[in-house]
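Dear colleague,

I am handing over the structure we spoke about, placed just below, and after it you will find my notes on what was found. Please read them with the structure open beside you.

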Amino acid sequence: MAGRDRYLPSSAVSTSSSSRLVESQLIESDRNRARSVILEDRIAIQHREIQSLLNDNQRLAVAHIGVKDQLNLAKRELERLLETAAKVKAEGEAKVREVYQNALRMEAEARVIDGLGAELGQVRSDVQRLANDRQELATELAMLDGEMVKAKPNSDRAIEVKAEIEILRGEVRKGR
């Protein structure tokens, strides 16, 4: 547009109108240059903004990958912790069962011991009774020993009498 009127014949254009035309062409040219500069500035600004956005996008992509890796690590750590917690819980339950079984066994043993205590009391009373009976029998034996000592001379005499009776019987047999 700026150079359109440049090729008109000079006779067609008057000097005043030609100076106006030149002026208007110059103004138009300055405007186009100004627009061009403004557009170039806008393009440069937009280019810088695009570069900044690309850089931000790259940083965000790297950060996203880092966060994703951290999330995966956290998931693995959580899985490991859950497995460990399950093992600890199972071990705890096993220990509780073991303690419970031991408590039941000890309670049964305590009942047996209580029963044995009652039996022990019975055995002690039996032992005491037997000791008393032994004492009575020992006393009786001592009395019988005393009577045997008293009766021994009589028994010695009885033996002599028996021997004499046997001799006499033997003589009686011979005599028959």
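What radius of gyration does the protein have, and what value would a compact globule of 176 residues have? The protein has 69 Å, whereas a compact globule of 176 residues would have a radius of gyration near 16 Å. Please keep in mind throughout that this is a predicted model.

**Overall form**

The C-alpha trace of the protein spans about 220 × 35 × 15 Å along its principal axes, and the secondary structure consists of one helix and zero strands. That helix, helix 1, takes in residues 15-175. Of the 176 residues in the protein, buried ones make up 2%, and the area that the protein exposes comes to about 16,000 Å², of which carbon and sulfur atoms supply 60%. As for charge, the protein has 30 positive and 30 negative charges, and the mean positions of these two sets are 6 Å apart.

**Annotated spans**

UniProt, in an unreviewed entry, lists residues 68-95 and residues 120-147 under "coiled-coil region". In the model, residues 68-95 are 100% helix and 0% strand, with their end C-alpha atoms 40 Å apart. For residues 120-147 the end C-alpha atoms likewise lie 40 Å apart, and this span too is 100% helix and 0% strand.

Lys95, a residue of helix 1, counts as exposed because its relative accessible area is 57%, where the cut-off for that class is over 50%. Between Lys95 and Glu160, which are 65 residues apart along the chain, the C-alpha separation is 88 Å. A second pair can be read in the same manner: Arg105 and Gly115 are ten residues apart in sequence, and their C-alpha atoms are 15 Å apart in space. Arg105 also lies in helix 1, and with 45% relative accessibility Arg105 counts as partly exposed.

**Salt bridges**

The count of salt bridges comes to eight, and I describe some of them here.

One of them joins the side chains of Asp30 and Arg33, with an N to O distance of 3.1 Å. Both residues belong to helix 1 and are three residues apart, which is about one turn of the helix. Asp30 has a relative accessible area of 44% and is therefore partly exposed.

Another salt bridge brings together the side chains of Arg80 and Glu77, at 2.5 Å from N to O. Here again both partners lie in helix 1, three residues apart, or about one helical turn. Arg80 is partly exposed, with a relative accessible area of 43%, and Glu77 is partly exposed as well, with a value of 35%.

Which residue forms a salt bridge with Asp126, and how far apart are the closest N and O atoms? The partner is Arg129, and the closest N and O atoms are 3.8 Å apart, a distance that falls within the 4 Å allowed for a salt bridge. Arg129 and Asp126 are separated by about one helical turn because they are three residues apart in helix 1. Arg129 counts as partly exposed at 44% relative accessibility, and Asp126 falls in that class at 26%. Through salt bridges that share partners, Asp126, Arg129 and Asp133 are joined into one network.

**In brief**

To draw these notes together, the model holds one helix and zero strands, its radius of gyration is 69 Å, and buried residues make up 2% of the protein. Along helix 1, the salt-bridge pairs described above include Asp30 with Arg33, Arg80 with Glu77, and Arg129 with Asp126.

With kind regards

Definitions and conventions. Residues are numbered from 1 along each chain as its sequence is written. This is a predicted model: local features need pLDDT of at least 70, side-chain atom pairs count only at pLDDT 80 or more; totals for chains, interfaces and linings use all residues. Side-chain values use heavy atoms; hydrogens and water are left out. Helices (H or I, at least four residues) and strands (E, at least two) are DSSP runs, numbered from the N terminus. The radius of gyration is taken over C-alpha atoms; the globule rule is 2.2 Å times the number of residues to the power 0.38. Buried means under 20% relative accessible area, exposed over 50%, partly exposed in between (1.4 Å probe, protein chains only). Accessible areas come from the Shrake-Rupley method with a 1.4 Å probe; for residues, only the protein chains shown count as cover. Lys and Arg count as positive and Asp and Glu as negative; His and the chain ends are not counted. The place of a charge is taken as NZ of Lys, CZ of Arg, CG of Asp or CD of Glu. UniProt positions are given in the numbering used here, feature names are shortened, and annotations may be inferred rather than shown by experiment.
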